[in-house]
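Work through the exercises below with the structure open. Each task is followed by a stepwise solution.

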Amino acid sequence: MTLESSILEAPRAKSGFKSLFRPRKIRSALFLAFLTVAALVWILPLVWMFSLSVSANETLQSQTTSLLPVDFTIDNLLGVMQGGLTTRWLFNSLVVTSLTTGITLVLSAMAGYAFARIPFYGKKVVFPLVLAGLMVPREAMFIPLFLMFAEADIHNSYEALILPRIAAPLGVFIMTQFMAAIPADIEEAARVDGASRWVIFWRIMMPMSFPALTALGIFTYILTWNDFLWPLVSATQRDMFTITTGLASLQGNFAQATELGSLMARGVVASLPLLILFLIFQKQLVRGISIGSGGK
Amino acid sequence: MTSLYSGRKPRTGKVSLGKVESRENNRAAWGFLLPFLLVYFAFLIYPIGQAVVMGFYDLDLLVITDRVFIGFDNYFRMFWGSNMVWDLASMLEWRIAGMLLIVPIALGMRSGRVAKVEGVLYISLLTGIFALLMGFHPGLDGRWNDSQFWLSFGNTVLFVALSTPLIVGFGLLLALALHRPGKWVGVLRTLFFAPYVLSVSVLTLIWAFMLNPQLGLVGELFRAIGLEPVSFLTNPALAMPAIVVTTLWWTVGFNVVLFLAGLQDIDKNLYEAANLDGAGAVKSFTNITVPGLQRTTLLVVVLQVIASFQIFGQVFIMTRGGPNGATRVSIQHIYESGFRDLELGYASAMSVFLFLVMVAFSAIQFRLLRSEK
């Protein structure tokens with residue numbers, strides 16, 4: 001459950017009772033204590049949001065700077081979940097993010113398989129062309145994309161939210177790297193047994209690529225869930241907002257002073273799914289980040 | 001399992017790499033590639049061409065079928081003004097800073113890591129932009145055609161210049177502190193990374209209130225040490241630094257992850273050898289850690305620059321670009337030109353400009369990525 005404890009392979013020092021009092025140990029313990037305090041301060045803003053979300057709206061009108069809930073209540077959280085637009089936005093985000101992630105994984109893995117395992121005519125041209133796509137800053141390209149979807153008249157739909165996101169050269173790059181490293185003999189054996197490429201892909205390559213798929217998957221999931229600019233541009237009807245754009249639309253015009261607790265409860269609802277996913281998959285996410293950005 | 005390529009016969013005996021084999025390979029490979037390539041060209045490559053074309057048109061959002069070709073007028077509007085003059089002193093600090101970029105390129109050429117032709121190209125490009133083009137500005141009684149364009153681009157560059165050293169440096173410090181074994185340190189790593197998974201609107205929800213002088217914790221802290229709480233987001237001098245700090249809190253975890261991976265790649269035996277040779281902690285750091293992290297640092301800097309150029313959500317939600325345009329950034333200007341002023345053609349031209357600026361930086365990342373193999 002901890003962030004990459006395995007990333008560090010150095011063996012842990014055996015800390016006997018006596019060795020605890022060596023100057024080096026004391027220094028190290030002091031440093032850890034300092035780091036711990038720093039980490040706690042670091043997440044204070046997050047703790048504060050959670051605390052406000054379970055505080056009574058009325059009390060928050062006079063007191064907002066407590067780190068512990070004042071007049072504890074779960075009414076705010078219940079209020080958010082009892083229908084209304086926030087639930088709809090949450091549902092939209094869930095649909096869009098899950099489909100985007102799923103489709104991205106399949107498309108990237110298929111292309112990665114072709115690049116990594118099949119010798120074919122044109123590979124020397126197509127592969128660099130796909131890699132060049134890594135350089136395209138998609139945040140700068142939302143105007144032409146908007147026009148494209150406007151001409152096809154499919155804004156304010158799940159398709160419009162999903163399609164631009166699934167063209168992910170990064171995914172292809174990661175899957176190609178990973179699949180190229182899978183030993184060839186298993187695939188050869190299956191081919192000799194007469195298995196088709198399609199069967200090999202689904203039955204052998206996909207299961208064996210599980211580590212890369214989870215890393216890419218969790219990374220894609222977080223980026224898509226948190227995507228702001230494109231949903232803002234494409235989904236302009238209130239019932240098609242994602243939770244990210246929806247929550248943004250509430251800030252500024254919400255009756256902030258009187259319903260701070262409810263507002264923060266919406267923030268909690270918007271971030272909780274990802275925080276939970278993160279706690280489960282953080283190892284994969286960390287790997288996804290480092291292979292995906294050109295680290296190791 | 002239904003199979004797309006089930007028509008092929010089971011092979012027996014030796015696998016021959018004949019014509020049949022390679023034709024089958026071609027068919028299979030393109031079959032696997034097709035779905036990706038379709039969306040790739042439709043939604044990533046085609047829009048670039050589309051943006052370039054649209055940049056030459058006067059195109060109203062409300063009547064997108066009614067477009068008028070206006071040549072380079074959009075670019076003229078972006079880059080030019082009335083009574084333009086050239087002088088050396090205009091924006092001198094920025095231009096000197098820009099010219100300093102030549103130093104790493106020259107060093108790269110000397111060490112042979114940057115090809116001669118390429119280096120000369122980059123250097124003449126930098127000289128052209130910083131020494132020559134940036135000397136132009138509106139003279140007496142003159143004004144920019146679109147001063148908002150330069151204001152927002154300047155703010156974007158300012159954000160990049162402030163956030164990059166800060167977020168990269170802080171990320172490195174944190175990574176060095178967190179690069180030690182143990183379960184507990186793992187928990188701490190998790191805590192420092194957690195804000196990264198929040199969406200931008202949760203981030204702004206938290207920090208708009210954190211920084212609110214009456215309601216937030218920062219104001220409370222000021223009161224606790226006997227100071228008058230400051231309204232960061234409504235103060236033109238403090239709004240951008242406040243956005244930078246907010247962004248630091250949000251994204252530093254990403255850099256920490258990359259630095260930790262870089263630290264892990266450094267051969268541990270080097271430290272042991274240095275230790276045996278009697279080198280102290282400081283010497284080990286400057287002689288082993290610093291050179292060992294060179295590639296990672298370059299990568300992190302480039303990624304941070306690219307990410308910082310795309311800044312939008314934080315300012316759009318927290319300050320709307322205010323106060324007085326102090327935090328207005330390029331993407332916001334493009335967004336509002338397109339969707340508030342309904343000028344899609346002009347917005348496209350600005351997209352092309354931003355695209356080119358950002359590609360220049362991602363090209364460096366791309367080189368790093370490819371040099372991997």
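The exercises concern a predicted model and cover confidence, domains, helix packing and the interface between the chains.

**Exercise 1. Confidence in chain A**

Task: State the mean pLDDT of chain A and find where pLDDT stays under 50.

Solution:
1. Chain A has a mean pLDDT of 84, and 89% of its residues reach 70 or more.
2. Over residues 1–15 of chain A, pLDDT stays under 50.
3. For that stretch the model has 28 contacts beyond four places in sequence.
4. Where pLDDT is low, predicted coordinates should not be read in detail.

**Exercise 2. Domains of chain A**

Task: Give the domain assignment of chain A and describe the contact between its domains.

Solution:
1. The assignment gives domain 1 (16–78) and domain 2 (84–292) of chain A.
2. Their C-alpha centres lie 33 Å apart.
3. Domain 1 of chain A puts 12 residues into the contact, and domain 2 of chain A puts in 10.
4. On the domain 1 side, two or more residues come from each of helix H2 (44–53), helix H3 (57–60) and helix H4 (75–81) of chain A.
5. H2(A) gives the most to this side, with four residues.
6. By class, the domain 1 side has six nonpolar, six polar and no charged residues.

**Exercise 3. A helix pair in chain A**

Task: Decide whether helix H5 (residues 85–117) and helix H14 (residues 243–250) of chain A are roughly parallel or roughly antiparallel.

Solution:
1. The two axes come within 8 Å and cross at roughly 150°.
2. Angles over 145 degrees count as roughly antiparallel.
3. H5(A) and H14(A) are therefore roughly antiparallel to each other.
4. H5(A) makes the contact through A:Leu85, A:Thr86, A:Trp89, A:Leu90 and A:Ser93, and H14(A) through A:Ile243, A:Thr244 and A:Gly246.
5. This contact has four nonpolar, four polar and no charged residues.

**Exercise 4. Chain B and its interface**

Task: Describe the domains of chain B, the exposure of helix H4 (residues 102–111) of chain B, and the contact with chain A.

Solution:
1. Chain B is divided into domain 1 (21–54), domain 2 (84–143) and domain 3 (146–371).
2. The C-alpha centres of domain 1 and domain 2 of chain B lie 37 Å apart.
3. Of the 10 residues of H4(B), the number buried is zero, so the helix lies largely in the open.
4. Just after H4(B), B:Gly112 has a positive phi of about 85°.
5. Between the chains, 94 residues of chain B are in contact with 85 residues of chain A.
6. Helix H1 (residues 19–54) of chain B gives the most to the chain B side, with 18 residues.
7. That side divides into 63 nonpolar, 22 polar and nine charged residues.

Conventions:
Residues numbered from 1 in each chain as written. Chains lettered and ligands numbered in written order. Predicted model: local features only at pLDDT ≥ 70, side-chain atom pairs only at ≥ 80, totals over all residues. Contact = placed C-beta atoms within 7 Å. Nonpolar A, V, L, I, M, F, W, Y, C, P; charged D, E, K, R; others polar. Domains from an automatic or database assignment. Axes fitted to C-alpha atoms, helices over the stretch in contact; angles between N-to-C directions. Parallel < 35°, antiparallel > 145°, perpendicular 65-115°, else oblique. pLDDT = per-residue confidence, 0-100. Buried ≥ 20, exposed ≤ 12 C-beta atoms within 10 Å, placed from the backbone.
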